[in-house]
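These are my notes from an afternoon with one protein model. I wrote down what I looked up, in the order I looked it up.

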Amino acid sequence: MGEGTGAEWSPELRRWVATEWGRLGELYARHSSDAYRLAYLVTGDQPLAEDLVQEAFINVAGRLVHLRHPDAFHAYLRRTVLNLCKMHFRRRQVERAYLQREGHRIEEGDPTLASDLREDLWSELQRLPHRQRVAVVLRYYEGLTDHEAAQILECRPGTVRSLLSRAMSVLRTRVRTG
């Protein structure tokens, strides 16, 4: 396939591309806002969340033909977004470790905690370990059951409850002592 407008493509190829891109566009319109909200709640970074959603759709686009059930797309996209978030945090952790080994000062602004409880809670949520933060987001922001969250986190429902219990305990303590 050459670059350009597709004028050199066969009619069959043009129909296939139009159908597949139309389907992807429809899926994007239907699911991108939910995927963005999930990525933003996990990362706390608007531009990063946008980038992760775009990357998730690129990853999923190549696998559309393999989806047996169209209803599974949302769950598949959610899983992809969470995996990309996890990869981002791992990469960032490796970068920090490298900079510390090299003796460079890591430039991070100290978050100033606002008096508003919502902002305090948001700030503290970002400080939780990744799995606890994801469990809180899936359970309380996405409204999933313990069982559904466990499937996404690839653990048992009891583990999700344990992650939530520890996270909520930390959040209660930190927000009260502010």
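**Entry 1: a word to settle before starting.** I call a residue buried under 20% relative accessible area, exposed over 50%, and partly exposed in between. I looked up Glu154 as a trial: its relative accessibility is 63%, so Glu154 counts as exposed. I also note that this is a predicted model.

**Entry 2: the overall fold.** I looked up the helices and strands. The chain has seven helices and zero strands. Following the sequence, I read the pattern as α-α-α-α-α-α-α. The chain has 178 residues, and 34% of them count as buried.

**Entry 3: the salt bridge of Glu154.** Side chains of opposite charge can pair when their charged atoms come close. I searched the whole structure for salt bridges and got six. One of them joins the side chains of Glu154 and Arg79, at 3.4 Å from N to O. Which parts of the chain does this pair tie together? Glu154 sits in the loop between helix 6 (146-153) and helix 7 (157-177), while Arg79 sits in helix 3, so the pair ties together parts that are 75 residues apart in sequence. I then looked up whether Arg79 is buried or exposed. Arg79 counts as buried because its relative accessibility is 18%, and the cut-off for buried is under 20%. Glu154, as noted above, counts as exposed.

**Entry 4: Asp146 and its partners.** I looked up Asp146 next. Its side chain meets that of Arg139 in a salt bridge of 2.8 Å, N to O. Asp146 also meets Arg161 in a salt bridge, this one at 3.5 Å, N to O. The pair of Asp146 and Arg161 links distant parts of the chain: Asp146 is in helix 6 and Arg161 in helix 7, 15 residues apart. For accessibility, I wrote down 15% for Asp146, so Asp146 is buried. Arg139 has a relative accessible area of 29% and is partly exposed. Arg161 is partly exposed as well, with 45%. I also found Asp34, Arg37 and Glu142 joined into one network by salt bridges that share partners.

**Entry 5: a charged patch.** I looked for charge on the surface. Asp45, Glu50, Asp51 and Glu55 form a negative surface patch. I followed up on Glu55, which lies in helix 2 (residues 46-61). The relative accessible area of Glu55 is 34%, so Glu55 is partly exposed.

**Entry 6: aromatic pairs.** A pair of aromatic rings is described by the distance of the centres and the angle of the planes. My search of the whole structure gave four aromatic pairs. Tyr36 and Tyr40 make one that is stacked, with 6.1 Å centre to centre and 15° between the planes. Why are Tyr36 and Tyr40 separated by about one helical turn? The reason is that they are four residues apart in helix 1 (residues 11-43). Tyr36 has 23% relative accessibility, so Tyr36 counts as partly exposed. Tyr40 is partly exposed too, at 29%.

I moved on to Phe57 and Phe73. Their ring centres are 6.0 Å apart and their planes are at 45°, so I logged the pair as tilted. Phe57 lies in helix 2 and Phe73 in helix 3 (residues 73-101), so the pair ties together parts that are 16 residues apart in sequence. Both Phe57 and Phe73 are buried. Ring pairs also bring in Tyr28, which forms a cluster with Phe57 and Phe73.

**Entry 7: two C-alpha distances.** I went back to Tyr40, which lies in helix 1. How far apart are Tyr40 and Val137, in sequence and in space? They are 97 residues apart in sequence, and their C-alpha atoms are 10.0 Å apart.

Last, I looked up Val60, found in helix 2. Val60 counts as buried because its relative accessibility is 1%. Val60 and Leu77 are 17 residues apart along the chain, and 6.9 Å separates their C-alpha atoms.

Note on methods. Residues are numbered from 1 along each chain as its sequence is written. This is a predicted model: local features need pLDDT of at least 70, side-chain atom pairs count only at pLDDT 80 or more; totals for chains, interfaces and linings use all residues. Side-chain values use heavy atoms; hydrogens and water are left out. Patches are made of residues with over 30% relative accessible area and no salt bridge: like charges are joined within 9 Å, nonpolar side chains (Val, Leu, Ile, Met, Phe, Trp, Tyr) within 5 Å. Accessible areas come from the Shrake-Rupley method with a 1.4 Å probe; for residues, only the protein chains shown count as cover. A salt bridge is a side-chain nitrogen of Lys or Arg within 4 Å of a carboxyl oxygen of Asp or Glu. Lys and Arg count as positive and Asp and Glu as negative; His and the chain ends are not counted. The place of a charge is taken as NZ of Lys, CZ of Arg, CG of Asp or CD of Glu. Helices (H or I, at least four residues) and strands (E, at least two) are DSSP runs, numbered from the N terminus. Buried means under 20% relative accessible area, exposed over 50%, partly exposed in between (1.4 Å probe, protein chains only). Rings of Phe, Tyr and Trp (its six-membered ring) pair if their centres lie within 6.5 Å; planes under 30 degrees apart count as stacked, over 60 as edge-to-face and the rest as tilted.
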